[in-house]
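Work through the exercises below with the sequence and the coordinates at hand, attempting each task before reading its solution.

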Amino acid sequence: MPPFTWTGHPFTDAGLAAILLISGKERPEDLTEKDVTKAIEFASKLYARKEWSSGYIHAMMLPNSGILMANPSMAKKRTPTAIAENLLSLLHEPEDPNAPICEICGKRHARTKPVYRSDFPLVGTGGIPNYFPSGKDGANICSHCLFLTQFLPIVAYRLQRVLVIHAYPHELMLELHNEAIDEVKKTLLASNARNFRRPENFLFQLLSELTVKVERDELWQNASITLYYFVNNNQGQELEIIHVPSPVLSFIAYASRYDSAGWRRIVAIGWDERCSRGLAKKRKESEIEHSCHNRVYSALLSGKSILLYFINSKEKRTNTKWSLLAFYCSEVLGLDKEALEFIKGIGDRVVETLEKLPDNKLKRRVRELENATKLYQFESFFVGLERLRQELGIDKPLMTFDEFAQILTAYGEDMNVSWKTVKNLLLFRIYEKLHDRLMKAETEAGEEEDEESKIEFYGLEEVEE
Ligand SMILES: [Zn+2]
């Protein structure tokens with residue numbers, strides 16, 4: 001039996017993960033011939049079933065597959081034994097020294113003929129577009145890489161398309177597909193990913209559970225995850241790739257462990273309102289996380305800031321602790337610790353000034369900051385505050401001229417670390433320290449200010465962009 005290795009290709013790695021999970025082993029080098037035979041038997045029994053062959057393999061992954069006998073014309077001859085024989089002969093297929101080197105593992109000679117999409121997803125055939133850089137018909141793949149790929153259906157999650165989660169370190173890849181194998185063993189059907197309709201929502205759910213289960217930080221420090229969400233059938237080939245950046249992974253790991261309630265509050269603001277309201281009306285709240293788009297998730301995946309979601313400006317409160325915010329700023333936004341401490345210090349001086357004001361004036365000042373959507377409005381908030389400090393007889397100025405310049409411009413026009421970042425950090429500090437008084441001022445003001453709060457709401461929406 002050949003020694004199997006991780007290749008870095010999502011489909012062969014997923015197949016290898018399947019064989020390892022079926023055998024209850026963690027490393028490819030620990031696999032024995034018996035393990036592989038058992039995996040072949042396990043898969044062949046499933047693949048001979050109609051739910052797998054015509055309903056899944058042919059319909060979504062490997063149309064007309066001859067190896068797995070999913071081609072509808074083979075229905076009568078399709079048996080576990082016949083499929084197992086095909087897999088075994090692939091495993092023992094002799095190498096052709098004249099063939100090109102395998103495009104996936106780079107180690108063995110490819111099969112004599114290029115492999116097509118009926119045996120390997122998304123490689124194309126004839127006039128159909130494919131997802132390989134050479135853009136030619138099929139791909140040069142060796143029999144072992146092809147063999148591993150035949151186990152892909154067992155670990156993949158079946159949503160509207162097929163989901164493969166490619167992860168590094170490999171231990172993480174096994175953890176993320178454990179559930180799929182467990183379900184296959186229990187139901188003899190492919191896992192439907194708990195009925196999730198969005199692959200990223202499913203992944204975030206898995207991650208928040210897994211980060212609590214696997215507490216070893218080193219697993220998350222250099223982890224990376226890419227989702228391959230695809231369909232490969234006679235109607236076409238579609239592929240969506242969703243990459244989860246490494247800093248985002250360590251943030252999620254930290255957030256779900258350090259302040260899981262706070263992290264849930266942050267995520268909760270992100271749900272698309274129309275979708276979640278619609279489901280709530282039908283009393284299907286539990287489906288929100290399965291079906292609705294979440295702005296926090298999509299911002300994290302597309303490298304946009306989620307700072308706005310750390311605060312709840314309507315209720316004048318923070319959704320989590322400063323320390324989680326600080327972790328996010330340094331880990332994901334790349335803000336250095338010194339800058340963060342500096343902003344925190346300014347925030348405390350702002351609070352020190354504001355808390356001397358009567359409720360109604362305090363509220364107005366904070367609103368001025370909340371409503372600042374242009375740099376000059378942000379500037380004038382500080383100018384006003386400086387004047388206020390003099391009026392109140394506070395000794396030291398709020399900021400020196402250098403500090404003032406730094407807070408406004410030093411972070412440049414960088415999308416993530418701009419004055420808007422500073423603004424959100426300051427609001428966080430203000431809500432954290434002055435929540436009770438701000439809420440009191442809100443209630444005292446009563447309803448006559450309804451119009452004004454509408455403006456405030458739109459102001460914040462604009463900042464989010
Ligand atoms: Zn290969």
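**Exercise 1: a domain contact**

Between domain 1 and domain 2, 29 residues of the former are in contact with 25 residues of the latter, where contact means C-beta atoms, placed from the backbone, within 7 Å. The model is a predicted one, in which local features need pLDDT of at least 70 and side-chain atom pairs count only at pLDDT 80 or more, whereas totals for chains, interfaces and linings use all residues. Residues are numbered from 1 along each chain as its sequence is written.

Task: determine which elements give two or more residues to the side of domain 1 that touches domain 2.

Solution. Begin with the bounds, which come from an automatic or database domain assignment: domain 1 covers 1-155 and domain 2 covers 156-304. The elements sought are then helix H1 (10-23), helix H3 (50-61) and helix H6 (152-155), helices being DSSP runs of H or I with at least four residues, numbered from the N terminus. H1 gives the most, with eight residues.

**Exercise 2: one side of a helix**

Task: establish which residues of helix H11 (residues 260-269) are buried, that is, have 20 or more other C-beta atoms, placed from the backbone, within 10 Å of their own.

Solution. The buried residues include Trp263, Ile266 and Val267. They lie on the same side of H11 because they cover an arc of only 95 degrees around the axis, the arc being that of the directions from the helix axis to the C-beta atoms. As a last step, look for what covers them, which includes helix H10 (246-258) and helix H14 (295-301).

Terms used:
Buried ≥ 20, exposed ≤ 12 C-beta atoms within 10 Å, placed from the backbone. Contact = placed C-beta atoms within 7 Å.
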